[in-house]
Amino acid sequence: MRTYRDAKSMAKTLRETLGERDVAITHSQALEIVAKQFGCKDWNVLGAAIDEAPAHDGIDLTGAIPILRIFSPDKASEFYLDFLGFTKDWEHRFGDNFPIYMQVSRSGLTFHLSEHHGDASPGSTVFVRMQGIEAYRTELIGKAYTYSKPGIEDLPWGRVLEVPDPFGNRIRFCEQK
């Protein structure tokens, strides 16, 4: 997506596709869903964050969304939602008793979590630049999560708070010095 018009087109396509599956949503609801997919609080924030015109050279790399392999939606929710404080934006299954694929986000950071075998390898590491690392660590420790008591390590490139998820993936939050 590069322009405001692209985002509106995505919302229209989403609404039409869901309508074909007998799921009715308003245009406004579709706009809000598209905003969440791009890690924005709401449609107004997304609208302010994107340009009308494409980048100068025609290439516009707007960021990446890591896909992390999970094996249990319940454990993933306990870790990413309850412990890390992310919000589940949406989830998808192709049918009953199929693997889940979901999106979670917090403060502009978005992850896709997948039970699908071919989507990602367990044991991945994601490096996340952030501000407020001490406050985030205090928040995490305050939740008394049984499986993680993260500390902050001072390294030459910044202060790092590494948090392993229940599936062997590591998230390295880094506040640059």
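This briefing describes the fold, the four-stranded sheet, the salt bridges, the cysteines and two loop positions of a single chain.

The model is predicted, and every value below is computed from it. The chain has 177 residues, of which 34% are buried, and its secondary structure comes to five helices and eight strands. Among the features described below are an open sheet of four strands, a helix that lies across that sheet, and a set of seven salt bridges found in a search of the whole structure.

**Overall fold**

- Followed along the sequence, the helices and strands come in the pattern α-α-α-β-α-β-β-β-β-α-β-β-β.
- Taken along the principal axes, the C-alpha atoms of the chain fill a box of roughly 45 × 45 × 30 Å.
- Of the contacts in the chain with a separation of 6 or more, 53% are made by residues 24 or more positions apart.
- The chain has an accessible surface of about 10600 Å², and carbon and sulfur atoms account for 51% of that surface.

**The four-stranded sheet and its helix**

- The sheet is open and mixed in its pairing, and its four strands are arranged in the order β1-β4-β3-β2.
- Because β1 (67-69) and β2 (87-92) each have a single partner strand, they stand at the edges of the sheet, and one side of each is left without a neighbour there.
- On average, and with direction ignored, neighbouring strands of this sheet are turned by 25° against each other.
- The edge strand β2 runs antiparallel to β3 (residues 101-106), and five bridges join the two; within this pairing, K88 has V104 of β3 as its bridge partner.
- Helix α4 (residues 73-83) lies across β1, β2, β3 and β4 (109-114), and the helix runs at about 165° to β4.

**Salt bridges**

- As a general point, side chains of opposite charge can pair when their charged atoms come close.
- In helix α4, K75 and E78 lie three residues apart, which is about one turn of the helix, and the two form a salt bridge in which the closest N and O atoms are 3.3 Å apart.
- Both members of that pair count as partly exposed, with a relative accessibility of 32% for K75 and of 27% for E78.
- K88, the residue whose bridge partner in β3 is V104, also meets E91 through its side chain in a salt bridge with an N to O distance of 2.6 Å.
- K88 is partly exposed at 34% relative accessibility, and E91 is likewise partly exposed, with a relative accessible area of 41%.
- E139 and K143 form a salt bridge with their closest N and O atoms 3.5 Å apart, and these two residues are linked with R106 in a network of salt bridges.
- In this network, E139 is partly exposed with a relative accessible area of 27%, and K143 is partly exposed at 32% relative accessibility.

**Cysteines**

- A disulfide is, in general terms, a covalent bond between the sulfur atoms of two cysteines.
- With sulfur atoms required to lie within 2.5 Å of each other, the count for this model comes to zero disulfides.
- C40 is buried, because its relative accessible area of 13% falls under the cut-off of 20%.
- C174 is also buried, with a relative accessible area of 1%.

**Two loop positions**

- I65 is placed in the loop between α3 (43-49) and β1, and at 36% relative accessibility this residue counts as partly exposed.
- When residues up to four places away in sequence are not counted, I65 touches Q37, T110, F111 and H112.
- I65 and W90 are 25 residues apart along the chain, and their C-alpha atoms are separated by 14 Å.
- P156 is placed in the loop between β6 (152-155) and β7 (158-164), and P156 is exposed, because its relative accessible area of 74% is over the cut-off of 50%.
- P156 and A135 are 21 residues apart along the chain, with a separation of 21 Å between their C-alpha atoms.

Definitions and conventions:
Residues are numbered from 1 along each chain as its sequence is written. This is a predicted model: local features need pLDDT of at least 70, side-chain atom pairs count only at pLDDT 80 or more; totals for chains, interfaces and linings use all residues. Side-chain values use heavy atoms; hydrogens and water are left out. Two strands pair if DSSP finds at least two bridges between them. Axes are lines fitted to C-alpha atoms, for helices over the stretch in contact, and angles run from 0 to 180 degrees between N-to-C directions. Contact means heavy atoms within 4.5 Å. Buried means under 20% relative accessible area, exposed over 50%, partly exposed in between (1.4 Å probe, protein chains only). A salt bridge is a side-chain nitrogen of Lys or Arg within 4 Å of a carboxyl oxygen of Asp or Glu. Accessible areas come from the Shrake-Rupley method with a 1.4 Å probe; for residues, only the protein chains shown count as cover.
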